[in-house]
Amino acid sequence: MESKFYPQYKTVDGWIAKLLKCQHLSESEVKDLVAKAREILEREDNVQPVRCPVTICGDIHGQFYDLLELFHIGGMPPDTNYLFMGDYVDRGNFSIESVSLVVALKVRHKDRVTMLRGNHESRQITQVYGFYDECLRKYGNATSG
């Protein structure tokens, strides 16, 4: 991930470096990341081809250090293709960092990271299982205007 060769990724590489240290992004950084991810995801078809070989990951549930262990064992994108099956948030203490890292990796390596939405990526579920409260603790609000 040497951003000096790809200046358009310098900001994203900085976010990834910060997230790999389990430091959550600022609210403005999250807004920028989501805007970049949205551009990519809106262009993707609902049914996505997935490059093989692929490492399939499911139910991270905010377990950030388990996510890092997956990358330690399997390798980081772009060296390894990943299919994330959803349920990035809730239950664990680092849902914000976990989902932000996966989204940042998607933005940085869009053809190597495929993301699906799980049942925990909904407002109702996150209000019951902890992501909503984590947003309140770390950002002071669950949504921004």
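C52 is exposed in this predicted model, with a relative accessible area of 66%. The sulfur of C52 lies 14 Å from the closest cysteine sulfur, which belongs to C57, and that is too far for a bond. A disulfide would require the two sulfur atoms to be within 2.5 Å. C57 is likewise in no disulfide, its nearest cysteine sulfur being that of C52. C57 counts as buried, at 5% relative accessibility. A search of the whole structure accordingly returns zero disulfides.

The interior comes next. In soluble globular proteins, nonpolar side chains tend to be buried together. Here the largest nonpolar core holds 29 residues, and the members that touch the most others are L33, L67, F71, F84, Y88 and L101. At least two core residues come from each of helix 1 (10-20), helix 2 (27-43), helix 3 (64-74), strand 2 (82-84), helix 4 (95-108) and helix 6 (131-139). Helix 4 supplies the largest share, eight residues.

L33 can be followed further. Beyond its neighbours within four places in sequence, L33 is in contact with W15, L25, S100, V103, A104 and V107. Of these partners, W15 falls within the range of helix 1 (10-20), while S100, V103, A104 and V107 fall within that of helix 4 (95-108).

The remaining feature is a pocket, the second largest, with about 210 Å³ of space. Its lining consists of L41, E44, D45, N46, V47, Q48, L83, T114, M115, L116 and R117. By class, five of these lining residues are nonpolar, three are polar and three are charged.

Methods:
Residues are numbered from 1 along each chain as its sequence is written. This is a predicted model: local features need pLDDT of at least 70, side-chain atom pairs count only at pLDDT 80 or more; totals for chains, interfaces and linings use all residues. Side-chain values use heavy atoms; hydrogens and water are left out. A nonpolar core is a set of buried Ala, Val, Leu, Ile, Met, Phe, Trp, Tyr and Cys residues joined through side-chain atoms within 4.5 Å. Buried means under 20% relative accessible area, exposed over 50%, partly exposed in between (1.4 Å probe, protein chains only). Helices (H or I, at least four residues) and strands (E, at least two) are DSSP runs, numbered from the N terminus. Contact means heavy atoms within 4.5 Å. On a 1 Å grid over the protein atoms alone, a cavity is a set of points where a 1.4 Å probe fits but cannot get out, and a pocket is an open set with protein on both sides within 12 Å along at least five of seven lines; lining residues have an atom within 4 Å of a point. Grid points are joined across faces, edges and corners, and a volume is the space filled by probe spheres set on the points. Ala, Val, Leu, Ile, Met, Phe, Trp, Tyr, Cys and Pro count as nonpolar, Asp, Glu, Lys and Arg as charged, and the others, Gly among them, as polar.
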